[in-house]
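This report is for a reader meeting the structure for the first time. It turns to charged pairs, then to the nonpolar interior, and then to the confidence of the model.

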Amino acid sequence: MTTPAPAGPSTRRLALLLAGLSMFGPFSIDTIFPAFPQMAAQFGADKVAMQQTIAVYLAAYALMSIVHGPLSDAIGRRRVILAGLAVFTLASVGCALAPDLGTLLAFRALQGLSAGVGLIVGRAVIRDVLQGHDAQRLMSQVSMIFGIAPAIAPVIGGWMLGAGRWPLIFWFLAVFGVLLLASVGRWLPETHPPELRLPLRPRRLVRDYLAIGANPRFQRLAAAGALNFAGLFLYIASAPDFVMELLRLGERDFAWLFLPTIGGMTLGAFVSGRIAGRWPPMRQVEAGFVCSALAALANVAYNALAPAIAVPWAVLPMSLAAFGVALVFPVLTLSILDMYPRQRGSASSLQAFFQLVLNAAVAGLLSPWLSHHGLHLALGMAVFVAGGWLFWRWEARVARRFPPPPSSPMIEPGEQL
């Protein structure tokens, strides 16, 4: 039995709040893409150095992600979200005022340390207030609204460059942080009551993380979702090269990549919400992987056969891949959270850490290596999708033979997982 959460805002308002909280992470990545040439010229940096503005942010995001969830389990969701928003706002101001690349990277790291509160703690909030298919519907609504962020962020960045220089982008992020801070302070209640909180003890935290991370089912679910998304994220991280060099478009043309991608993700999130409770979860995940696989195959074929890649054909596979990701994500995430109902923050943190470490490697290592040729990007995407699908097939096979046991309220000392 669990204690019901206190009465909170309507589902629609909660969806809007949580979507807004999950948006400031993508905004931090995607709005600066159009400014890369201007920033590189001012700081005397090459493309690899500029790519580190993404890699440093994601690495810091990943490191702090293992703290956000347990901290919210210990002191409540609302306090952690408010503190994270305050730090993010100050870090954005620091980025806007940075006189050199080293200072910018330092404040980008500070942005990354704070940006995870929206996505990681927000997932725990959803599971605090709703159960079963209702939770999947809300998760899908948040994903659908969240999907707008990567589509409009580069467009906003291009507009900012039209009105001024690159620091204006970070002033925009600071204002966005202030608006979120005011909205959360006004409308988001505490959803994790004191009687359900767990003390934040480092030894227990390490033990819990080791237990969760050593759980083979967690490993399979987290790997399936992370690898499937990484295929799409490879293109997001490579957006400056893909849009401005391979497609030969301008700094205000990032919508050619992001609108089809986010359109597919938004549609997938809508469909996921509609079929919640009508389709078995395993069938939904399988359908999502089929869509991602078809997109990866079509992408490889086009890049291998076309003399020169061009819009719209070069970006259409991204739409189908994003549709597949949106079908897969809610089911896998809720499955992980349901494994640890008393430690949803920790489970959400470890899942996010797994995803973010992979994303940081994609942005900092693979993207600079593969983004010079369209076929190389397409093959990289196909490898990630295939890896995610293999982990999912492994999980589906094990689940048929050994159905998962009911969730235990919390990990007990010495529990074998």
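A salt bridge is a side-chain nitrogen of Lys or Arg within 4 Å of a carboxyl oxygen of Asp or Glu. This is a predicted model, in which local features need pLDDT of at least 70 and side-chain atom pairs count only at pLDDT 80 or more, while totals for chains, interfaces and linings use all residues. Residues are numbered from 1 along each chain as its sequence is written, and side-chain values use heavy atoms, with hydrogens and water left out.

**Charged pairs**

Side chains of opposite charge can pair when their charged atoms come close. Searching the whole structure yields four salt bridges, among them the three in this table.

| Pair | Closest N to O distance |
|---|---|
| Arg-207 and Asp-208 | 3.4 Å |
| Arg-220 and Glu-395 | 2.8 Å |
| Arg-393 and Glu-286 | 3.6 Å |

Because Arg-220 lies in helix 10 (residues 216-237) and Glu-395 in helix 16 (residues 374-401), their pair ties together parts that are 175 residues apart in sequence; helices here are DSSP runs of H or I with at least four residues, numbered from the N terminus. Arg-220 is buried at 8% relative accessible area, and Glu-395 is buried at 4%, where buried means under 20%, exposed over 50% and partly exposed in between, using a 1.4 Å probe and protein chains only. Arg-393 in helix 16 and Glu-286 in helix 13 are 107 residues apart, and this pair also links distant parts of the chain. Arg-393 is partly exposed at 22%, as is Glu-286 at 31%. Through shared partners, salt bridges join Arg-217, Arg-220 and Glu-395 into one network.

**Nonpolar interior**

A nonpolar core is a set of buried Ala, Val, Leu, Ile, Met, Phe, Trp, Tyr and Cys residues joined through side-chain atoms within 4.5 Å. The largest such core has 98 residues, and Phe-24, Phe-33 and Phe-170 are among those with the most contacts inside it. Helix 1 (residues 11-30) supplies the largest share of this core, with 10 residues. A second, separate core of 19 residues includes Phe-218 and Val-285.

**Confidence**

The predictor's confidence in each residue, pLDDT, runs from 0 to 100; its mean over the chain is 82, and 90% of the residues reach 70 or more. Among the elements of the chain, helix 13 (residues 281-305) has the highest mean pLDDT, 94, and helix 6 (residues 132-146) the lowest, 68.

Notes: Helices (H or I, at least four residues) and strands (E, at least two) are DSSP runs, numbered from the N terminus.
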